[in-house]
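Visitor: Hey, got a minute to walk me through this one? I'd like to talk about charged pairs and a helix.
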Amino acid sequence: MEKQELEVCINAYGKALYSFCRQLAGNRQEADELYQDTFLRAMELSEKVDYTGNPKSYLLSVALRIWKNRRRKFAWRKRIADMQPIVEGQDVESVASTEPSPEEQVIGKEEQAVVRQAVDKLPERLKLVVLLFYMEELSVKQTAEILKIPAGTVLSRLHQARKTLKKELESVINGKGTG
């Protein structure tokens with residue numbers, strides 16, 4: 001990956017990749033590190049990047065592999081010498097083209113937080129499919145390629161995730177309505 005190609009990738013896919021890193025990592029500091037490491041790794045593997053294909057999928061899969069490796073290493077180290085868990089960030093960012101009223105902003109942030117918490121509670125195999133399919137707006141085929149699983153498995157996990165999220169979000173809504 002040459003400097004020009006790197007700039008094109010950052011400009012075209014940087015926001016989406018950072019947002020994905022943020023969802024995986026859970027806090028800004030780790031997301032920043034994951035984002036930078038993803039582009040460093042892409043530079044190292046520059047001959048494998050097909051710029052005529054879908055570089056966004058490639059970058060997302062690199063970020064996912066780095067994140068999984070870090071989690072695996074953290075779990076292994078924790079088994080050997082128990083450490084303090086990584087503190088996850090709680091801030092919720094919203095991007096809007098028009099300025100909503102303060103009430104709408106508060107309600108929107110609360111809804112986003114509830115949905116994010118529900119997604120975070122999903123098992124990792126379901127959470128990754130949801131993040132790639134809905135947040136990154138990848139197709140079932142692209143999601144399957146990144147996760148290295150069959151497309152049918154992606155569809156099955158999406159169904160399971162929707163069912164779980166529906167149940168979780170309904171209980172939250174019903175809990176608020178009765179209180």
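Guide: Here is a quick chat about salt bridges and then one helix.

Guide: First the ground rules: this is a predicted model, where local features need pLDDT of at least 70, side-chain atom pairs count only at pLDDT 80 or more, and totals for chains, interfaces and linings use all residues. Residues are numbered from 1 along each chain as its sequence is written, and side-chain values use heavy atoms, with hydrogens and water left out.

Visitor: Cool. How many salt bridges does a search of the whole structure find?

Guide: The search finds 7. A salt bridge here is a side-chain nitrogen of Lys or Arg within 4 Å of a carboxyl oxygen of Asp or Glu.

Visitor: What does Arg70 form a salt bridge with?

Guide: With Asp37, and the closest N and O atoms are 1.9 Å apart. Arg70 sits in helix α3 (residues 55–80) and Asp37 in helix α2 (residues 28–44), so the pair ties together parts 33 residues apart in sequence. Helices are DSSP runs of H or I, at least four residues, numbered from the N terminus.

Visitor: Is Arg70 buried or exposed?

Guide: Partly exposed, at a relative accessible area of 29%. Asp37 is partly exposed too, at 24%. The cut-offs are under 20% relative accessible area for buried, over 50% for exposed, and partly exposed in between (1.4 Å probe, protein chains only).

Visitor: And which residue does Arg71 pair with?

Guide: Glu124, with the closest N and O atoms 3.1 Å apart. That links distant parts of the chain, Arg71 in helix α3 and Glu124 in helix α5 (residues 124–135), 53 residues apart. Arg71 is partly exposed at 44%, and Glu124 is partly exposed at 30%.

Visitor: Where do Lys121 and Glu168 lie?

Guide: Their side chains meet in a salt bridge, 3.0 Å from N to O. Lys121 lies in helix α4 (residues 102–121) and Glu168 in helix α7 (residues 151–178), so parts 47 residues apart in sequence are tied together. Lys121 counts as exposed at 60%, while Glu168 is partly exposed at 25%.

Visitor: Which residues do shared partners join into one network?

Guide: Glu33, Asp37 and Arg70, through their salt bridges.

Visitor: Switching topic: which residues are buried in helix α6?

Guide: In α6 (residues 140–147), Val140, Thr143, Ala144, Ile146 and Leu147 are buried. Looking down the axis, these buried residues fall within an arc of 165 degrees (taken from the directions from the helix axis to the C-beta atoms), so they line one face of α6.

Visitor: What comes just after α6?

Guide: Lys148, which takes a positive phi of about 60 degrees.

Conventions:
Helix = DSSP H or I, 4+ residues; strand = E, 2+ residues; numbered from the N terminus.
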